[in-house]
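Subject: the structure I promised you

Hi,

Here is the structure we talked about, ready for you to open and turn around on your screen. Have a look first, then read on for what I found in it.

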Amino acid sequence: MSERETWSTNLGFVLAAIGSAVGLGNIWRFPWLTAENGGSAFLVVYLGLVVAIGVPGLVAEFVIGRRGHRDPVGAFRALSRSRWWPVVGVYAVGTTLLVLTFYSVVGGWILRYTVGSLTGAYVADPATYFGTVSFGPEAVVAHLVFLGVVGAIIATGVSGGIERSSKAMMPAIVVLLGGLAVWAFSLPGAAGGYEFFLSFDVATLRENFLAILGPAAGQALFTLSLGAGSMLTYASYLDRDESLPADATVIAVANTLIGVLTGLVVFPLLFSQGLPPGSGGEGALFIALAEAFASLPAGGVVAPLFFGVVLLAAVSSAISMLETPVAYLVDEHAVPRRRATLGVVGLLAVTGSATALAPSAFGLIAGTLADLALTGGLLAFVVFVGWVLGRDAVDEYRAGAGSLSTPLAGAWHALVAWGLPVVLGFTLLTSLASLAGVALGVELRVALTLGALVVVRTLVRMGRE
Ligand code: PFF
Ligand code: NA
């Protein structure tokens with residue numbers, strides 16, 4: 001068997017992981033969710049969850065990947081004696097396929113918007129244009145082109161494809177978004193956008209806290225690509241000489257800054273044109289933005305730049321998802337990388353095309369199933385790191401991190417073993433109950449979560465003997 005691939009530098013890994021994190025979640029889903037869940041109140045809860053769950057969860061996923069040194073299935077097999085843990089790896093591979101099934105459809109939309117804003121077709125008549133972009137034969141074709149681009153990068157390999165493209169895409173995103181934010185600042189009426197986005201409204205927060213919690217937690221995981229096994233896979237190409245907590249912190253901070261920067265472009269842009277980012281589903285933001293670009297004097301220049309940024313963000317995230325099933329085929333079944341990529345892209349061409357023709361399936365996956373799958377995945381990851389890896393996890397946390405990290409490692413491990421399973425279990429149960437249309441009181445949900453965790457812990461203990 002040939003040498004397993006690696007990143008050529010730690011910076012390359014960090015940029016690729018930032019590329020995975022920064023995506024449609026920051027630019028398309030985040031403003032939409034913020035608008036639907038009370039604006040700034042949502043932002044507060046979301047930021048709290050990024051710090052409390054996101055960063056420790058990201059380190060946990062990195063720990064499994066670097067220690068296991070394989071794709072998700074192989075990593076769990078290498079690190080545990082039970083034959084059940086690799087099932088979690090299979091689940092993760094399935095999650096990346098599920099998420100890509102809608103993600104590449106939105107990627108196709110972005111491609112159409114970029115092209116349409118270059119030719120002028122989009123700005124001339126946004127409503128009609130949107131009608132042809134969202135679902136239907138054009139959406140199928142656009143999504144296939146998007147998948148083709150993503151597949152071409154993955155077929156080229158880890159350092160040659162993923163790392164090289166990330167080193168070009170990440171700086172471009174920051175420079176272009178920064179320029180757009182400065183431009184948006186100069187628009188008359190922009191202030192309303194900043195206010196909507198950034199003014200902290202404590203009353204709304206207190207009133208809606210539990211209702212906001214689910215979507216905010218879902219977004220906190222989604223935005224950092226957590227629970228899908230993509231970050232695990234990226235970390236599996238690392239050596240042990242860099243600090244995982246340091247890398248994870250840089251990645252989470254960069255992702256959050258770019259998310260906020262996007263808000264500083266999108267909201268002033270909309271409010272300057274008297275178009276509040278009304279709720280009304282995942283397409284609403286694009287229609288509103290289209291109208292804003294159509295009525296702005298510089299819209300014809302700014303629109304392609306904006307969608308160009310979104311496209312780069314979408315591609316750099318999609319490659320991290322596609323890499324996960326490809327790594328599985330390469331590591332576990334010794335399929336050559338190019339053939340593995342072709343096979344997975346072929347499968348996604350079918351499932352994505354179906355989604356591009358069925359708005360209801362799209363809505364179900366993008367709005368509910370993706371979050372559920374990620375929450376369940378991360379729950380399994382932290383239970384594994386907390387209860388199965390034990391001291392090995394602490395070791396892996398500290399590798400490359402220096403002696404300062406010793407007390408931090410203990411605190412992190414306690415959080416991963418106890419805090420995160422409770423919060424993630426509660427969130428998962430809440431989402432499942434609302435999906436099933438069952439109303440469960442808070443106390444009951446807490447009790448059920450704790451009960452389920454006790455059962456899982458017992459099973460894990462038995463499995464270890
Ligand atoms: N983090 C990406 C975004 O915010 O758009 C989405 C994502 C990428 C989710 C990779 C899951 C994943 F494995
Ligand atoms: Na993100």
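Let's start with one residue: is I251 buried or exposed, going by the other C-beta atoms within 10 Å? I251 is buried, because 28 other C-beta atoms lie within 10 Å of its own and 20 are enough for that label. Keep in mind that this is a predicted model.

You'll find I251 in helix 13, which covers residues 244-272. Leaving out residues up to four places away in sequence, I251 touches V14, A17, I18, A21 and L58. Take L58 from that list: L58 and I251 are 193 residues apart in sequence, yet their C-alpha atoms are 9.3 Å apart in space. Now try L424 for a contrast. L424 and I251 are 173 residues apart in sequence and 21 Å apart in space, C-alpha to C-alpha.

L424 itself belongs to helix 19 (residues 405-436). L424 counts as buried too, because it has 27 other C-beta atoms within 10 Å. Beyond its neighbours up to four places away in sequence, L424 touches T375, L378, L379 and V382.

**The core**

V382 turns up again here. Which residues touch the most other members of the largest nonpolar core? That core has 150 residues, and the answer is V310, V382, F384 and V385. Helix 15, residues 299-333, gives the most to this core, with 19 residues. As for V310, its contacts are I27, W28 and I110, again not counting residues up to four places away in sequence.

**Helix 15**

Helix 15 deserves a closer look. It is mostly covered, with 28 of its 35 residues buried. You can check its length yourself: at 1.5 Å a residue, the 35 residues of helix 15 should span 51 Å, and the C-alpha atoms at its ends are 50 Å apart, so the two agree. Where is the kink in helix 15? Look at T324, shortly before the proline P325, where there is a kink of about 25 degrees. Then, just after the helix, A334 takes a positive phi of about 50 degrees.

T324 also has a partner to look up. Setting aside residues up to four places away in sequence, T233 touches G65, D71, P72, E323, T324 and A327. T233 lies in helix 12 and is buried, because 31 other C-beta atoms lie within 10 Å. For a distance across the model, try T233 and A452: they are 219 residues apart along the chain, and 28 Å separates their C-alpha atoms.

**Around the ligand**

Next, click on ligand 1. Of the 16 residues around ligand 1, the ones that come nearest are G23, G25, S225, A228 and S230. The elements that give two or more residues to this shell are helix 1 (10-21), helix 2 (24-36), helix 5 (85-119), helix 11 (202-223) and helix 15. What kinds of residue make up the shell around ligand 1? There are 6 nonpolar and 10 polar residues, and no charged ones.

**Two more positive phi angles**

Most residues other than glycine have a negative phi. S225, from the ligand shell, has a positive phi of about 60 degrees although it is not a glycine. You'll see S225 in the loop between helix 11 and helix 12 (230-235). S225 counts as buried, because it has 29 C-beta neighbours inside 10 Å.

H69 also has a positive phi, near 60 degrees, and is not a glycine either. H69 sits in the loop between helix 3 (40-68) and helix 4 (72-79). Why does H69 count as partly exposed? It has 18 C-beta neighbours inside 10 Å, and buried would take 20 or more, while exposed would take 12 or fewer.

**One last residue**

Finally, find E163 in helix 9 (residues 158-185). E163 has 23 C-beta neighbours inside 10 Å, so it counts as buried. Leaving aside neighbours within four places in sequence, E163 is in contact with W7, S8, G12, A16 and V158. From E163 to S199 is 36 residues in sequence, and their C-alpha atoms are 38 Å apart in space.

Happy exploring!

Technical notes: Residues are numbered from 1 along each chain as its sequence is written. Chains are lettered from A and ligands numbered from 1 in the order in which they are written. This is a predicted model: local features need pLDDT of at least 70, side-chain atom pairs count only at pLDDT 80 or more; totals for chains, interfaces and linings use all residues. A nonpolar core is a set of buried Ala, Val, Leu, Ile, Met, Phe, Trp, Tyr and Cys residues joined through C-beta atoms within 7 Å. Helices (H or I, at least four residues) and strands (E, at least two) are DSSP runs, numbered from the N terminus. Two residues are in contact if their C-beta atoms, placed from the backbone, lie within 7 Å. A residue is near a molecule or strand if its C-beta atom, placed from the backbone, lies within 6 Å of it. Ala, Val, Leu, Ile, Met, Phe, Trp, Tyr, Cys and Pro count as nonpolar, Asp, Glu, Lys and Arg as charged, and the others, Gly among them, as polar. The expected span of a helix is 1.5 Å times one less than its number of residues. The bend at a residue is the angle between axes fitted to the seven residues ending there and the seven starting there.
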